[in-house]
Amino acid sequence: MSLLSALTNAILPVLSVAAVGFLLGTLRDINVDALGTVTIYILTPALVFHSLTTTSLGGKTALTLAVAVVAFTLGMVALAEFVGRALGESEPILGALVLASSFPNAGNYGIPLSQFAFGDVGRSTAILYIAAQSVLTYTVGVYLASRGNGTSNFAALREVFKLPLVYAVLAAGIARILGVVPPVDSAAMETIQLTGDAAIPVMLLMLGIQLANTDSGAAVSRVGVASTLKLLVAPLVAVGVVFLLGFEDLTVARVFVLECAMPAAITPLILSIEYDEGGVGLTAPEYVSTAIFISTLVSVPVLTLLIAILQSGTIV
(Lines give C-alpha, C1' and ligand atoms only; values in the text may rest on other atoms or scores of the structure.)
Protein backbone atom coordinates (compact mmCIF):
# COMPACT_ATOMS: atom_id res chain seq x y z
CA MET A 1 0.00 0.00 0.00
CA SER A 2 1.38 3.44 -0.95
CA LEU A 3 1.49 6.38 1.45
CA LEU A 4 -1.38 8.05 -0.41
CA SER A 5 -3.45 4.88 -0.30
CA ALA A 6 -2.75 4.40 3.42
CA LEU A 7 -3.76 7.98 4.10
CA THR A 8 -6.97 7.97 2.04
CA ASN A 9 -8.15 4.42 2.80
CA ALA A 10 -7.24 4.08 6.48
CA ILE A 11 -6.34 7.38 8.15
CA LEU A 12 -8.73 9.89 6.58
CA PRO A 13 -11.95 7.90 7.19
CA VAL A 14 -11.05 7.76 10.89
CA LEU A 15 -9.99 11.39 11.12
CA SER A 16 -13.05 12.67 9.26
CA VAL A 17 -15.45 11.24 11.85
CA ALA A 18 -13.23 12.36 14.74
CA ALA A 19 -13.05 15.83 13.16
CA VAL A 20 -16.85 16.07 13.26
CA GLY A 21 -16.70 15.28 16.99
CA PHE A 22 -13.94 17.85 17.46
CA LEU A 23 -15.97 20.52 15.68
CA LEU A 24 -19.05 19.66 17.71
CA GLY A 25 -17.05 19.74 20.94
CA THR A 26 -15.66 23.14 19.98
CA LEU A 27 -19.05 24.66 19.17
CA ARG A 28 -21.07 23.06 21.95
CA ASP A 29 -20.40 22.25 25.58
CA ILE A 30 -20.79 18.47 25.48
CA ASN A 31 -20.29 16.05 28.34
CA VAL A 32 -19.18 12.73 26.88
CA ASP A 33 -19.95 10.76 30.06
CA ALA A 34 -23.32 9.59 28.72
CA LEU A 35 -21.79 8.53 25.40
CA GLY A 36 -19.03 6.76 27.29
CA THR A 37 -21.52 4.85 29.43
CA VAL A 38 -23.51 3.70 26.40
CA THR A 39 -20.32 2.68 24.60
CA ILE A 40 -18.83 0.78 27.55
CA TYR A 41 -21.97 -1.00 28.70
CA ILE A 42 -23.84 -1.66 25.45
CA LEU A 43 -22.07 -0.93 22.16
CA THR A 44 -18.59 -2.29 22.88
CA PRO A 45 -19.78 -5.57 24.49
CA ALA A 46 -22.00 -6.18 21.45
CA LEU A 47 -19.08 -5.43 19.13
CA VAL A 48 -16.79 -7.73 21.11
CA PHE A 49 -19.26 -10.61 21.29
CA HIS A 50 -20.14 -10.53 17.59
CA SER A 51 -16.53 -10.16 16.47
CA LEU A 52 -15.19 -12.97 18.67
CA THR A 53 -17.98 -15.42 17.82
CA THR A 54 -17.61 -14.87 14.09
CA THR A 55 -13.84 -14.39 13.83
CA SER A 56 -11.63 -16.86 12.04
CA LEU A 57 -8.82 -16.34 14.58
CA GLY A 58 -7.89 -19.55 16.38
CA GLY A 59 -7.36 -20.06 20.09
CA LYS A 60 -3.57 -20.28 19.78
CA THR A 61 -3.46 -16.99 17.88
CA ALA A 62 -5.63 -15.30 20.51
CA LEU A 63 -3.40 -16.61 23.32
CA THR A 64 -0.26 -15.44 21.52
CA LEU A 65 -1.82 -12.01 21.07
CA ALA A 66 -2.74 -11.76 24.77
CA VAL A 67 0.81 -12.70 25.82
CA ALA A 68 2.15 -10.16 23.33
CA VAL A 69 0.01 -7.36 24.79
CA VAL A 70 1.28 -8.14 28.29
CA ALA A 71 4.91 -8.33 27.14
CA PHE A 72 4.66 -5.11 25.17
CA THR A 73 2.93 -3.15 27.95
CA LEU A 74 5.32 -4.25 30.69
CA GLY A 75 8.27 -3.63 28.38
CA MET A 76 7.10 -0.08 27.65
CA VAL A 77 6.42 0.56 31.35
CA ALA A 78 9.98 -0.48 32.23
CA LEU A 79 11.49 1.57 29.38
CA ALA A 80 9.44 4.70 30.12
CA GLU A 81 10.23 4.39 33.82
CA PHE A 82 13.94 4.22 33.04
CA VAL A 83 13.82 7.19 30.66
CA GLY A 84 11.72 9.27 33.06
CA ARG A 85 14.04 8.68 36.01
CA ALA A 86 17.10 9.34 33.82
CA LEU A 87 15.58 12.73 32.93
CA GLY A 88 15.02 13.51 36.60
CA GLU A 89 11.22 13.33 36.59
CA SER A 90 9.49 12.67 39.91
CA GLU A 91 5.94 11.84 40.93
CA PRO A 92 3.30 12.58 39.83
CA ILE A 93 4.79 13.50 36.42
CA LEU A 94 6.89 10.33 36.31
CA GLY A 95 3.77 8.18 36.61
CA ALA A 96 1.97 10.33 34.04
CA LEU A 97 4.87 9.94 31.58
CA VAL A 98 4.83 6.16 31.98
CA LEU A 99 1.04 6.00 31.55
CA ALA A 100 1.06 8.15 28.42
CA SER A 101 3.92 6.15 26.91
CA SER A 102 2.71 2.62 27.66
CA PHE A 103 -1.02 2.50 26.95
CA PRO A 104 -2.10 3.08 23.31
CA ASN A 105 -5.56 4.25 22.28
CA ALA A 106 -6.44 0.78 21.03
CA GLY A 107 -10.20 1.36 21.30
CA ASN A 108 -11.47 4.74 20.11
CA TYR A 109 -8.72 5.10 17.52
CA GLY A 110 -7.31 1.60 17.15
CA ILE A 111 -10.41 -0.44 16.35
CA PRO A 112 -11.70 1.66 13.44
CA LEU A 113 -8.20 2.28 12.04
CA SER A 114 -7.32 -1.42 12.19
CA GLN A 115 -10.59 -2.29 10.47
CA PHE A 116 -10.04 0.21 7.67
CA ALA A 117 -6.43 -0.97 7.24
CA PHE A 118 -6.85 -4.75 7.64
CA GLY A 119 -10.56 -5.53 7.38
CA ASP A 120 -12.38 -7.97 9.66
CA VAL A 121 -9.14 -9.51 10.96
CA GLY A 122 -8.00 -6.03 11.93
CA ARG A 123 -11.17 -5.40 13.92
CA SER A 124 -11.10 -8.78 15.67
CA THR A 125 -7.43 -8.40 16.56
CA ALA A 126 -7.97 -4.87 17.88
CA ILE A 127 -10.85 -6.08 20.05
CA LEU A 128 -8.74 -8.87 21.54
CA TYR A 129 -6.01 -6.30 22.14
CA ILE A 130 -8.25 -3.99 24.18
CA ALA A 131 -9.63 -6.96 26.12
CA ALA A 132 -6.11 -7.83 27.30
CA GLN A 133 -5.12 -4.20 27.79
CA SER A 134 -8.18 -3.50 29.96
CA VAL A 135 -6.89 -5.89 32.61
CA LEU A 136 -3.48 -4.20 32.57
CA THR A 137 -5.03 -0.72 32.66
CA TYR A 138 -6.93 -1.42 35.87
CA THR A 139 -3.98 -3.11 37.57
CA VAL A 140 -0.66 -1.74 36.34
CA GLY A 141 -2.30 1.52 35.23
CA VAL A 142 -3.96 2.12 38.59
CA TYR A 143 -0.66 1.46 40.35
CA LEU A 144 1.15 3.99 38.17
CA ALA A 145 -1.56 6.62 38.64
CA SER A 146 -1.85 6.21 42.40
CA ARG A 147 1.61 5.30 43.65
CA GLY A 148 2.52 8.90 44.35
CA ASN A 149 -0.24 9.43 46.89
CA GLY A 150 0.04 6.23 48.91
CA THR A 151 -3.33 4.84 47.81
CA SER A 152 -3.79 1.10 48.19
CA ASN A 153 -4.12 -0.72 44.88
CA PHE A 154 -5.56 -4.06 46.01
CA ALA A 155 -9.08 -3.02 45.02
CA ALA A 156 -7.98 -2.23 41.46
CA LEU A 157 -8.57 -5.76 40.19
CA ARG A 158 -12.25 -5.46 41.09
CA GLU A 159 -12.56 -2.67 38.53
CA VAL A 160 -11.76 -5.17 35.78
CA PHE A 161 -14.76 -7.30 36.69
CA LYS A 162 -17.07 -4.28 36.51
CA LEU A 163 -16.40 -4.04 32.77
CA PRO A 164 -19.01 -5.71 30.54
CA LEU A 165 -16.18 -6.18 28.04
CA VAL A 166 -14.77 -8.98 30.21
CA TYR A 167 -18.08 -10.83 30.29
CA ALA A 168 -18.59 -10.37 26.56
CA VAL A 169 -15.22 -12.06 25.97
CA LEU A 170 -16.12 -14.90 28.35
CA ALA A 171 -19.58 -15.36 26.81
CA ALA A 172 -18.13 -15.45 23.29
CA GLY A 173 -15.53 -18.01 24.34
CA ILE A 174 -18.07 -20.24 26.06
CA ALA A 175 -20.48 -20.01 23.13
CA ARG A 176 -17.75 -21.08 20.71
CA ILE A 177 -16.54 -23.92 22.92
CA LEU A 178 -20.08 -25.27 23.39
CA GLY A 179 -20.95 -24.71 19.73
CA VAL A 180 -24.06 -22.67 20.51
CA VAL A 181 -23.25 -19.55 18.50
CA PRO A 182 -26.38 -18.56 16.53
CA PRO A 183 -26.11 -18.48 12.72
CA VAL A 184 -24.60 -15.27 11.37
CA ASP A 185 -27.78 -14.46 9.44
CA SER A 186 -30.08 -15.07 12.40
CA ALA A 187 -32.11 -12.21 13.86
CA ALA A 188 -30.17 -12.40 17.14
CA MET A 189 -26.74 -12.11 15.53
CA GLU A 190 -27.84 -9.40 13.10
CA THR A 191 -29.21 -7.37 16.02
CA ILE A 192 -25.96 -7.79 17.96
CA GLN A 193 -23.96 -6.82 14.86
CA LEU A 194 -26.10 -3.72 14.28
CA THR A 195 -25.61 -2.64 17.88
CA GLY A 196 -21.87 -3.37 17.87
CA ASP A 197 -21.23 -1.59 14.58
CA ALA A 198 -22.52 1.62 16.16
CA ALA A 199 -19.59 1.53 18.59
CA ILE A 200 -17.02 2.55 15.98
CA PRO A 201 -18.49 5.92 14.89
CA VAL A 202 -19.48 6.74 18.47
CA MET A 203 -15.91 6.03 19.66
CA LEU A 204 -14.51 8.35 17.02
CA LEU A 205 -16.97 11.12 17.86
CA MET A 206 -16.02 10.77 21.53
CA LEU A 207 -12.34 10.98 20.65
CA GLY A 208 -12.93 14.23 18.74
CA ILE A 209 -15.01 15.74 21.54
CA GLN A 210 -12.40 14.80 24.14
CA LEU A 211 -9.61 16.35 22.10
CA ALA A 212 -11.66 19.54 21.71
CA ASN A 213 -11.94 19.76 25.50
CA THR A 214 -8.23 19.19 26.15
CA ASP A 215 -6.28 22.12 27.59
CA SER A 216 -2.73 21.52 26.35
CA GLY A 217 -1.11 24.86 27.02
CA ALA A 218 0.98 24.26 30.13
CA ALA A 219 2.61 20.94 29.29
CA VAL A 220 3.42 21.09 25.55
CA SER A 221 7.14 21.46 26.18
CA ARG A 222 7.16 18.53 28.63
CA VAL A 223 5.39 15.79 26.67
CA GLY A 224 7.86 15.40 23.82
CA VAL A 225 9.50 12.42 25.51
CA ALA A 226 6.20 10.61 26.10
CA SER A 227 5.04 11.27 22.53
CA THR A 228 8.34 10.02 21.09
CA LEU A 229 8.18 6.86 23.17
CA LYS A 230 4.55 6.30 22.21
CA LEU A 231 4.76 6.86 18.45
CA LEU A 232 8.34 5.98 17.49
CA VAL A 233 9.75 3.62 20.11
CA ALA A 234 6.58 1.63 20.85
CA PRO A 235 6.21 0.14 17.33
CA LEU A 236 9.86 -0.96 17.44
CA VAL A 237 9.24 -2.69 20.77
CA ALA A 238 6.12 -4.29 19.26
CA VAL A 239 8.12 -5.64 16.30
CA GLY A 240 10.59 -7.13 18.77
CA VAL A 241 7.73 -8.83 20.63
CA VAL A 242 6.37 -10.24 17.34
CA PHE A 243 9.70 -11.85 16.47
CA LEU A 244 10.18 -13.07 20.05
CA LEU A 245 6.80 -14.83 20.19
CA GLY A 246 6.69 -15.97 16.56
CA PHE A 247 3.17 -15.10 15.41
CA GLU A 248 1.78 -17.69 12.99
CA ASP A 249 -0.74 -15.25 11.49
CA LEU A 250 1.20 -12.38 9.94
CA THR A 251 -1.90 -10.20 9.51
CA VAL A 252 -2.59 -10.44 13.24
CA ALA A 253 1.05 -9.61 13.91
CA ARG A 254 0.81 -6.50 11.71
CA VAL A 255 -2.37 -5.34 13.42
CA PHE A 256 -0.68 -5.88 16.79
CA VAL A 257 2.20 -3.60 15.77
CA LEU A 258 -0.28 -1.01 14.48
CA GLU A 259 -2.26 -1.11 17.74
CA CYS A 260 0.90 -0.64 19.78
CA ALA A 261 1.73 2.46 17.73
CA MET A 262 -1.56 4.22 18.49
CA PRO A 263 -1.34 7.59 20.30
CA ALA A 264 -1.79 7.86 24.05
CA ALA A 265 -5.02 6.38 25.42
CA ILE A 266 -7.90 8.18 27.14
CA THR A 267 -8.29 5.80 30.10
CA PRO A 268 -4.97 6.81 31.74
CA LEU A 269 -6.30 10.36 31.80
CA ILE A 270 -9.37 9.15 33.71
CA LEU A 271 -7.08 7.33 36.16
CA SER A 272 -4.79 10.32 36.61
CA ILE A 273 -7.79 12.55 37.37
CA GLU A 274 -9.10 10.00 39.87
CA TYR A 275 -5.83 9.93 41.84
CA ASP A 276 -4.75 13.55 41.38
CA GLU A 277 -4.00 15.39 44.61
CA GLY A 278 -3.55 18.79 43.01
CA GLY A 279 -0.62 20.88 44.15
CA VAL A 280 1.61 23.54 42.66
CA GLY A 281 2.89 23.31 39.11
CA LEU A 282 2.13 20.86 36.34
CA THR A 283 -0.33 18.12 37.35
CA ALA A 284 -0.57 14.56 36.09
CA PRO A 285 -3.96 15.12 34.36
CA GLU A 286 -2.54 18.16 32.53
CA TYR A 287 0.46 16.14 31.41
CA VAL A 288 -1.57 13.12 30.21
CA SER A 289 -4.24 15.21 28.46
CA THR A 290 -1.54 17.15 26.59
CA ALA A 291 0.24 13.92 25.63
CA ILE A 292 -3.05 12.60 24.23
CA PHE A 293 -3.60 15.74 22.19
CA ILE A 294 -0.05 16.04 20.82
CA SER A 295 0.44 12.33 20.11
CA THR A 296 -2.92 12.15 18.32
CA LEU A 297 -2.00 15.05 16.04
CA VAL A 298 1.47 13.72 15.30
CA SER A 299 0.11 10.19 14.74
CA VAL A 300 -1.36 11.13 11.36
CA PRO A 301 1.91 11.10 9.36
CA VAL A 302 3.48 8.43 11.58
CA LEU A 303 0.61 5.96 11.23
CA THR A 304 0.23 6.69 7.53
CA LEU A 305 3.85 5.63 7.01
CA LEU A 306 3.53 2.66 9.37
CA ILE A 307 0.42 1.31 7.64
CA ALA A 308 2.13 1.56 4.25
CA ILE A 309 5.15 -0.35 5.63
CA LEU A 310 3.01 -3.01 7.31
CA GLN A 311 0.85 -3.51 4.21
CA SER A 312 3.98 -3.98 2.12
CA GLY A 313 5.25 -6.70 4.47
CA THR A 314 8.61 -4.98 4.85
CA ILE A 315 9.08 -5.50 8.59
CA VAL A 316 6.53 -8.18 9.59
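## Salt bridges and a buried leucine

Glu81 counts as buried, because its relative accessibility is 15% and the cut-off for buried is under 20%. The model in which this value was computed is a predicted one.

**Exercise 1.** Identify the salt-bridge partner of Glu81, and decide whether Arg85 is buried or exposed.

*Solution.* Begin with the pairing: the side chain of Glu81 meets that of Arg85 in a salt bridge, with 2.8 Å from N to O. Next, place the two residues, which both lie in helix α3, 4 residues apart, or about one turn of the helix. Finally, turn to accessibility: Arg85 has a value of 53% and therefore counts as exposed, since exposed requires over 50%, whereas Glu81, at 15%, is buried.

**Exercise 2.** Work out which parts of the chain are linked by the salt bridge between Glu248 and Lys60.

*Solution.* The structure holds 4 salt bridges, and in one of them the side chains of Glu248 and Lys60 meet at 2.8 Å, N to O. This pair links distant parts of the chain, for Glu248 sits in the loop between α10 (224–245) and α11 (250–260), while Lys60 belongs to helix α3 (residues 59–86), and the two are 188 residues apart. As for their surroundings, both Glu248 and Lys60 are exposed.

**Exercise 3.** Determine which helices are tied together by Arg123 and Asp197, and classify each of the two residues by accessibility.

*Solution.* The side chains of Arg123 and Asp197 meet in a salt bridge of 2.9 Å, N to O. Because Arg123 lies in helix α5 (residues 110–146) and Asp197 in helix α8 (residues 187–197), the pair ties together parts that are 74 residues apart in sequence. Arg123, with a relative accessibility of 9%, counts as buried, and Asp197, with 32%, counts as partly exposed.

**Exercise 4.** Describe the environment of Leu47, including its contacts beyond its neighbours within four places in sequence.

*Solution.* Leu47 is found in helix α2 (residues 33–54), and its relative accessibility of 2% is why it counts as buried. Once its neighbours within four places in sequence are left aside, Leu47 is in contact with Ile111, Arg123, Ile127, Gly196 and Ala199. Among these is Arg123, the residue that pairs with Asp197 in Exercise 3.

**Exercise 5.** State what the chain looks like over residues 126–145, one of the stretches that UniProt lists as "transmembrane region" in an unreviewed entry.

*Solution.* Over residues 126–145 the chain is 100% helix and 0% strand, and the C-alpha atoms at the ends are 25 Å apart.

Conventions. Residues numbered from 1 in each chain as written. Predicted model: local features only at pLDDT ≥ 70, side-chain atom pairs only at ≥ 80, totals over all residues. Heavy atoms only, no water. UniProt positions renumbered as here; feature names shortened; annotations may be inferred. Buried < 20%, exposed > 50% of the residue type's maximum accessible area, 1.4 Å probe, protein only. Contact = heavy atoms within 4.5 Å.
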